[in-house]
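Hi,

Here is the structure I said I would pass on. Have a look at it first, and then read my notes underneath.

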Amino acid sequence: MAGAAVHFLTSEEWKNIHQHVSHLESRLSSKGEKFYTIPEGGASAVGVWGSIAMMKEILDENKVKPKHMHVVVPVVSGATLAGLLLARRLYKLEKTEVYGVCIHNNRNHYFDKIKDIVTDFNKRYGTNYDPGSFTLWDQYQIPEKQEDINRLIKRIARIEGLLLDPLITGRAFFALADQLTNNSMVVGGKSKVVFIHPGGLFTLLSQKKMFKDIGLDQNLSLI
């Protein structure tokens, strides 16, 4: 519709995504074309501003800065989490604890990824922020938990009308529920728990059968 050229990669080719992007950039440059490369998930110094603005919106809606917040977010590219950590520094939210649920990779991978994004931010804007402390959960990727995740997704859809997908948001919400249920995540009486829903709803198009028993399968056809 917008005249965009779409380049499809196989799962194997995606493992070398940077090489494919570099090749495409060289080809466009040789033709004298202008372009701007957006990394996966907007994981860059520019991309994190969306999450920084999101935190400001959360603070504005509360009118009074919460004394203690627990923010939970799925981690795929690392952009949303890095932005939230930078926002914590920018808005001086010293008592805000941030938790990331690892979707595709382990904790070490994402710790390094967050560090790289924050370093990129400091280099671009001449700042000297560090991500500070944060917690990563990577124990929810195993297939054995998927049935429990799917049950929770259907329960939330039935009770709250909130749609979560099985791969990203549903997995992260399950992690939050599990941590709270098992008292692994200690939340005080006046604390606020904020779950960040970053999207991922297109995954639901292939999961209509999961919602058939609660009557949402037909509505998903309209998305």
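Below is what I found, starting with the whole protein and then going through some parts of it.

Two things before you start. This is a predicted model, so local features need pLDDT of at least 70 and side-chain atom pairs count only at pLDDT 80 or more, while totals for chains, interfaces and linings use all residues. Residues are numbered from 1 along each chain as its sequence is written, and side-chain values use heavy atoms, with hydrogens and water left out.

The whole protein

You'll find eight helices and four strands; these are DSSP runs numbered from the N terminus (H or I, at least four residues, for helices; E, at least two, for strands). Along the sequence the pattern reads α-α-α-β-α-β-α-β-α-α-β-α. The C-alpha atoms fit a box of roughly 60 × 45 × 30 Å along the principal axes. Of the 223 residues, 35% count as buried. Buried means under 20% relative accessible area, exposed means over 50%, and partly exposed is in between (1.4 Å probe, protein chains only).

Now for contacts, meaning heavy atoms within 4.5 Å. Taking contacts between residues at least 6 apart in sequence, 73% join residues at least 24 apart.

Helix H6

H6 covers residues 146-160, which is 15 residues. From first C-alpha to last it reaches 21 Å, close to the 21 Å expected at 1.5 Å a residue (the expected span is 1.5 Å times one less than the number of residues). Its buried residues are Ile149, Leu152, Ile153, Ile156 and Ala157. Seen down the axis, they fall within an arc of 135 degrees, so they line one face of the helix; the arc is that of the directions from the helix axis to the C-beta atoms. These buried residues pack against helix H7 (169-181). On the face turned away from the buried side you'll see the exposed residues Glu147, Arg155, Arg158 and Ile159. After H6 comes glycine 161, with a positive phi near 75 degrees.

Helix H2 and the loop after it

H2 has 14 residues and reaches 20 Å from its first C-alpha to its last, close to the 20 Å expected. Glycine 32 follows H2, and its phi is positive too, near 75 degrees.

The loop between helix H2 (17-30) and helix H3 (49-62) holds tyrosine 36, and serine 44 lies in that loop as well. Which of them is buried and which is exposed? Tyrosine 36 counts as exposed because its relative accessibility is 57%. Serine 44 is at 15%, so it counts as buried. Leaving out residues up to four places away in sequence, serine 44 touches Pro39, Ile117 and Asp120.

Tyr36 also helps make a nonpolar surface patch of about 530 Å², together with Ile38, Val46, Trp49 and Tyr125. Patches are made of residues with over 30% relative accessible area and no salt bridge: like charges are joined within 9 Å, nonpolar side chains (Val, Leu, Ile, Met, Phe, Trp, Tyr) within 5 Å. A salt bridge is a side-chain nitrogen of Lys or Arg within 4 Å of a carboxyl oxygen of Asp or Glu. Accessible areas come from the Shrake-Rupley method with a 1.4 Å probe; for residues, only the protein chains shown count as cover.

Proline 66

Last stop: proline 66, in the loop between H3 and strand E1 (69-75). At 12% relative accessibility, proline 66 counts as buried. Not counting residues up to four places away in sequence, proline 66 touches Leu59 and Lys192.

Cheers
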